[in-house]
Amino acid sequence: MKKTFLFSSILATTLTLSAATYANNHSAQTLDSLFLKPSSDDMILTTSYTDYEYSTKNTKTTSSSITQIFNYGVTDRLSAKLSLTHEDEKEKSSSSTLKSDGFDNPEIELKFRTANKKSDGFFSDITFSIAPDIITAKDATSTDNGTVASGQNAYAIAVDYGRNFDMLSYKLTAKSAYNAKGQSKNATTEIRTELESSSDFSLIFDAQYKLNALISLDVSASRLLVDNISELKAAINYNINKNSLLTLSYAQQDDRVTNDIHTAILALKYRF
């Protein structure tokens, strides 16, 4: 079974395909916007490939995964998202190598735009998400592969607020997450292990500065208050045209358990 890390080290190439209608009259509809969401009856498809690596005192873990996200605009204010991830993970220590693979539990998200005042650039959203425990969680052994599913139902609610000016935008998000009690089992012996419930609260600050019509810069800072995990990230966005965006990001994470994790993200978004 995959160990749970609320912020992972990621090296990703993302391809986003969207049937959304491009709106030229407001920057909140550009692909690099902090407030981008599909309009009514629009669909945004995101396919991403992820590599990450982290280490503790005794182990080194590497992982690669492919994620497909379907983001549909139910109305102009309400959107629904489904995320599916397949992952391969390897954990090495001085005495063994443990491998886990398969699909993670799917994540379902509903987002409602509570404020959308384009005239003064004010936006606010509330988001509900659930990752139902529908895939058996197995702990890897030296002889049998495990799975990457968590073995727990996961719930989250988030509220964000932001402003979008001509050149500068910012967004502040408060998020509460809860993992219910669950089970995992040994991949070889089938002996079950009870998993305790857990919860956390996080604060995320995002800001963006538009250098010109083509290039924008992002900075992000996030903090999990219970697990004491922090992450800083910077990104540069290049609008190839109104329907495609190239983003290069760098992030550093500190959770006081693993070594500092340095992250590079290469993302391509495309809309048609």
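1. A good place to begin is the pair formed by strand β3 (residues 60–73) and strand β4 (residues 78–92), which run antiparallel and share 14 bridges. A hairpin of four residues links β3 to β4. If you look at Gly-73, you will find that its bridge partner in β4 is Ser-79. Please keep in mind that this is a predicted model.

2. Now follow β4 onward. Another hairpin, also through four residues, takes β4 into β5. Strand β5 covers residues 97–103 and pairs with β4 in the antiparallel sense over seven bridges. Here Lys-92 stands opposite Thr-97.

3. Strand β4 has a further partner to find: β6 (residues 107–117), joined to β4 by six antiparallel bridges. Within this pairing, Leu-78 faces Phe-112 of β6. As a reminder from your lectures, strands of a sheet pair through backbone hydrogen bonds, either parallel or antiparallel.

4. Next, try the open sheet of three strands, ordered β8-β11-β12, where the pairing is mixed. Its edge strands are β8 (138–139) and β12 (192–195), each of which pairs on one side only. Strand β11 (residues 182–186) pairs antiparallel with β12 through four bridges, and Gln-183 has Glu-194 as its bridge partner in β12.

5. Finally, step back to the whole chain. It has 17 strands and zero helices. Of its 272 residues, 41% are buried. Among contacts between residues at least 6 apart in sequence, 57% connect residues at least 24 apart. The accessible surface is about 14,200 Å², and carbon and sulfur atoms account for 57% of that surface.

Methods
Residues numbered from 1 in each chain as written. Predicted model: local features only at pLDDT ≥ 70, side-chain atom pairs only at ≥ 80, totals over all residues. Heavy atoms only, no water. Helix = DSSP H or I, 4+ residues; strand = E, 2+ residues; numbered from the N terminus. Buried < 20%, exposed > 50% of the residue type's maximum accessible area, 1.4 Å probe, protein only. Contact = heavy atoms within 4.5 Å. Areas by Shrake-Rupley, 256 points an atom, 1.4 Å probe, with all protein chains shown as cover. Pairing = 2+ DSSP bridges.
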